[in-house]
Amino acid sequence: MPRPQATQGVVDALAAGWRRRFAWYPGDWIWPAFLLLLLTAGATAAAVVAASTSKHAAAPPATTTPTTTTAPATTTTQTATTTPTTTTTTTTRTTTTRTTTTTRTTTTTAPPGLTAWPARTSGYTDVLESIPLASGRAFAVARALAAGRQGLPTVGVLVSSDYPSLHPGYYVVFSGIYPSSGAAGAALGAAHAHGFADAYQARVAR
């Protein structure tokens, strides 16, 4: 069946436009097929829109339920703390220490047969022997008694440390208490003669 002239003119115009854009033309059948495709796509789109509209129309309105939030009750407990107060009393005792110094004065008494050097008296004597303190006073007394038995005058024993004029640390066996060096020197010969060869004169002073 021949096509109407108007339709043939539209097809020719579309075919000419196609050829200007593309080198290959499939034929006039492309236009009825393309038109069918457009109609199908339009019908499908219309069906989708109708279905969507029907779904929204059938859906019940959403109901909004107000939500009430109840805050939990807060209970505040106040605890009173009582701190005991302790009062400490410190007693300070002051102790006074008394120091008592006792001074004892010892008076040396010469053994029988010996002479003690007079207190607070300075003079001269003949030193018969000087005996170290470590040897003991008994030994010094025995030597003095021996000198007295030999006839030497005024024989006694003194501690050299008690007299600044003598060398400390000895028992001194002496003979005679003289007021001068000359008098002590004159009696020195008798000491030598009685076996005290090392005897010498010395000054005894406090």
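User: Which side chain does the side chain of Glu129 join in a polar contact?

Analyst: In this predicted model, the side chain of Glu129 makes a polar contact with the side chain of Arg143, at 2.5 Å. The two side chains also meet in a salt bridge, with the 2.5 Å given from N to O.

User: Where do Glu129 and Arg143 sit in the chain?

Analyst: Glu129 belongs to strand β1, which covers residues 123-132, while Arg143 is in helix α3, residues 137-149. The two residues are 14 apart, and the pair links distant parts of the chain.

User: How many salt bridges does a search of the whole structure find?

Analyst: The search finds 1 salt bridge. As general background, side chains of opposite charge can pair when their charged atoms come close.

User: What else is Glu129 in contact with, leaving aside its neighbours within four places in sequence?

Analyst: Besides Arg143, the contacts of Glu129 take in Tyr171, Val172, Val173 and Phe196, once those sequence neighbours are set aside.

User: And Arg143, is that one buried, exposed or partly exposed?

Analyst: Arg143 counts as partly exposed, because its relative accessible area is 30%, which lies between the 20% and 50% cut-offs.

User: Let me step back a bit. How many helices and strands are there in the chain?

Analyst: The chain holds 5 helices and 4 strands, and following the sequence they come in the pattern α-α-β-α-β-β-α-α-β.

User: What share of the residues is buried?

Analyst: Of the 206 residues in the chain, 22% are buried. The accessible surface of the chain amounts to about 15800 Å², and carbon and sulfur atoms account for 58% of that surface.

User: What share of the contacts joins residues at least 24 apart?

Analyst: If one takes the contacts between residues at least 6 apart in sequence, 62% of them join residues at least 24 apart.

User: What pLDDT does the chain average?

Analyst: The average pLDDT of the chain is 77, and 66% of the residues score at least 70. Residues 79-83 have a pLDDT below 50, and in the model that stretch has 0 contacts beyond near neighbours in sequence. Residues 99-107 likewise have a pLDDT below 50, with 0 contacts beyond near neighbours in sequence.

User: Okay, on to the serines. Where does Ser175 lie, and what does its side chain reach?

Analyst: Ser175 lies in strand β3, and its side chain reaches the backbone oxygen of Pro153 at a distance of 2.7 Å. Not counting residues up to four places away in sequence, Ser175 touches several others, among them Thr125, Asp126, Leu128 and Leu152. The C-alpha atoms of Ser175 and Gly148 are 8.7 Å apart, although the two residues are separated by 27 residues along the chain.

User: Why does Ser175 count as buried?

Analyst: Ser175 counts as buried because its relative accessibility is 4%, and the cut-off for buried is under 20%.

User: Which loop is Ser160 in, and is it buried or exposed?

Analyst: Ser160 lies in the loop between β2 and β3, and Ser160 is buried, with a relative accessible area of 0%. A polar atom of the Ser160 side chain lies 3.2 Å from the backbone nitrogen of Gly169. Gly169 is also among the residues in contact with Ser160 once neighbours within four places in sequence are left aside, and others include Leu166, His167 and Pro168.

User: Which residue other than glycine has a phi near 50 degrees?

Analyst: Arg120 has a positive phi near 50 degrees, and Arg120 lies in the loop between α2 and β1. Arg120 is exposed, with a relative accessible area of 77%. Its C-alpha is 8.4 Å from that of Ala205, a residue 85 places away in sequence.

User: What about phi at Thr154?

Analyst: Thr154 is not a glycine, yet its phi is positive, at about 45 degrees. Thr154 lies in the loop between α3 and β2, and at 34% relative accessibility Thr154 counts as partly exposed.

User: Last topic, the surface. Which residues make the nonpolar surface patch of about 310 Å²?

Analyst: That patch is made by Phe34, Leu37 and Leu38. Phe34 is placed in helix α2, residues 30-58, and Phe34 is partly exposed, with a relative accessible area of 43%.

Key: Residues are numbered from 1 along each chain as its sequence is written. This is a predicted model: local features need pLDDT of at least 70, side-chain atom pairs count only at pLDDT 80 or more; totals for chains, interfaces and linings use all residues. Side-chain values use heavy atoms; hydrogens and water are left out. A polar contact is a pair of N or O atoms within 3.5 Å; within protein, one must be able to donate a hydrogen and the other to accept it, and residues adjacent in sequence count only if both atoms are side-chain atoms. Contact means heavy atoms within 4.5 Å. pLDDT is the predictor's confidence in each residue, from 0 to 100. A salt bridge is a side-chain nitrogen of Lys or Arg within 4 Å of a carboxyl oxygen of Asp or Glu. Buried means under 20% relative accessible area, exposed over 50%, partly exposed in between (1.4 Å probe, protein chains only). Patches are made of residues with over 30% relative accessible area and no salt bridge: like charges are joined within 9 Å, nonpolar side chains (Val, Leu, Ile, Met, Phe, Trp, Tyr) within 5 Å. Accessible areas come from the Shrake-Rupley method with a 1.4 Å probe; for residues, only the protein chains shown count as cover.
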